[in-house]
Amino acid sequence: MLKILQSFQSKMDINRDLLLLLLIGGLYSLGIFLSNTFVNIYLWRQSGDYVTIAVYNLGINIFQAMTFILAGRLAKKVDRIIVLRLGVIFLSLFFLSVLIIGEKASTFNFLLGCLLGIGYGFYWLAFNVLTFEITEPDTRDFFNGFLGVLQSLGGMVGPLLAGIIISKMDGNVGYTTIFTISFILFICAVAVSFFLNRRSAKGNFHFKRILHEKQNNKNWSRILNAHFFQGIREGVFVFVISIWVFIVTKSEFALGTFNLFLSGLSAVLYFIVTKFIKPSMRKKAILVGACLLYFSIFIILFDLSYFLLIVYAIIIGIAYPIINVPYVSLTYDVIGKAWKAGELRIEYIVVRELFLNSGRIVSVILFLIAVSLFNAEKVIPIILVLFGAGHVIIYLFVKNIYLGSTPHKEILMKDQITDEKNR
């Protein structure tokens, strides 16, 4: 009887932690989707130049990469909950800093980017690890599915609600309001984290060994190169398109509507793609999605209007699920077949993120050099055409990946999704 009660208590604890982690993920998604797109616009309103926005995003990418390494080391030394809590605290500090600095935010653009990057690094490393540890094979589908629903709802409702709030209020009152709401949501997430059961750490952090594994494992090398070129595209597209929407419309509400189309269509397509694209179709799906994504650039390249931007949003809303579902699955299959995958899963995730963020950093630095040397309006379309080919190049790497049988050890973790991606 005692064993039965202990078993029941254990299951209750697991289910409780799963629900609490979902709640934290939901609070995070709503907080980020509500405000983060509009931080770029907030800085643009103050500065009116691309350099300020690019430097802010450069700070995010540099410190996210650095923090992932630190967070990975901490995750093997201290309680994973502490790492998660650090991430949410730094995200809270970011929005608090934006509120305090106010109309001088563009002056502290790099500092703000650093705070957000640190928050991202701690949060996503811990969330990925906790997702794996808290969920079981029979609860993982429920967790990932329900979290996907929360993220999709946040992606649709958050930017639109923020756009309405900003457009209805005078001056910077609307921005102050949405940043305050995001700050409160993250404080709530910190509070919820105190109810999670502690997760003890063990083992050493073998970051350099997994980095060098690139020399021994061709599949690992190819998937890392693919992530670098993924970052090349994301680094610039993440802020340029949002700014273009705002320049064309002069309306935060229009930007919120743009995100509504993008997130809403993506949510539907993610469900369809997950259901119909089989493992044997992964590489072809990545190629089709990559070509569709690259084609979409030319819709807004020569004649920029809000209608064409919405068409662009619809096309990339279709293209990204076609790419991401097989691409993420292929990535984790490669890791699952790699050397000591189960024991060193944290290191594999950290190295993957390092290559992804390295691509973003290179992309933003090249963008800064280009707009400093040439007229921004003339050089940006060229940059988009060149960097926009990133996902086509991804296919050139993944087409040569051969895995054989399905890996025995499942180490799948929830891939991060924010509104600062997939543009």
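What follows is a conversation between a student and a tutor about reading a predicted model of a protein.

Student: Where should I begin, and which kinds of elements does the protein have?

Tutor: A good first step is to list the elements. As this is a predicted model, we speak of what the model shows, and here there are 14 helices and 0 strands in the protein.

Student: How do I read the distribution of contacts along the chain, and what share of them join residues at least 24 apart?

Tutor: The idea is to look at contacts between residues that are at least 6 apart in sequence and then to ask how many of these span a longer stretch; in this protein, 88% of them join residues at least 24 apart. A single pair can serve as an illustration of distance in space, since I272 and I322 lie 50 residues apart along the chain, while their C-alpha atoms are separated by 9.3 Å.

Student: How do I decide whether a residue such as S29 is buried or exposed?

Tutor: One compares its relative accessible area with a cut-off, and buried means under 20%. S29, which is found in helix α1 (residues 2-47), has a value of 1% and is therefore buried. Beyond its neighbours within four places in sequence, S29 is in contact with L150 and Q151. I272, in helix α9 (residues 252-276), has a relative accessible area of 35% and is partly exposed. Over the protein as a whole, 59% of the 423 residues count as buried.

Student: Which residues touch the most other members of the largest nonpolar core?

Tutor: That core has 131 residues, and the ones that touch the most other members are F367, I380 and V398. Helix α11 (residues 306-336) gives the largest share of this core, with 16 residues. If we follow I380, and leave out residues up to four places away in sequence, we find that I380 touches Y50, V240, W244, F367 and V371. There is also a second, separate core of 6 residues, among them L269, V273, I277 and A285.

Student: How do I read the packing of two helices, and at what angle do α2 and α3 pack?

Tutor: One looks at the angle and at the distance between the axes: helix α2 (residues 50-75) and helix α3 (residues 80-101) pack at about 160°, with their axes 10 Å apart. Angles over 145 degrees count as roughly antiparallel, so α2 and α3 are roughly antiparallel to each other. Their crossing is right-handed. The contact is made by Y56, A71, L74 and A75 of α2 together with R80, V83, L86 and F94 of α3, and by class it has 7 nonpolar, no polar and 1 charged residues.

Notes:
Residues are numbered from 1 along each chain as its sequence is written. This is a predicted model: local features need pLDDT of at least 70, side-chain atom pairs count only at pLDDT 80 or more; totals for chains, interfaces and linings use all residues. Side-chain values use heavy atoms; hydrogens and water are left out. A nonpolar core is a set of buried Ala, Val, Leu, Ile, Met, Phe, Trp, Tyr and Cys residues joined through side-chain atoms within 4.5 Å. Buried means under 20% relative accessible area, exposed over 50%, partly exposed in between (1.4 Å probe, protein chains only). Helices (H or I, at least four residues) and strands (E, at least two) are DSSP runs, numbered from the N terminus. Contact means heavy atoms within 4.5 Å. Axes are lines fitted to C-alpha atoms, for helices over the stretch in contact, and angles run from 0 to 180 degrees between N-to-C directions. Angles under 35 degrees count as roughly parallel, over 145 as roughly antiparallel, 65 to 115 as roughly perpendicular and the rest as oblique. A crossing is left-handed if the near helix is turned anticlockwise from the far one by less than a right angle, and right-handed if clockwise. Ala, Val, Leu, Ile, Met, Phe, Trp, Tyr, Cys and Pro count as nonpolar, Asp, Glu, Lys and Arg as charged, and the others, Gly among them, as polar.
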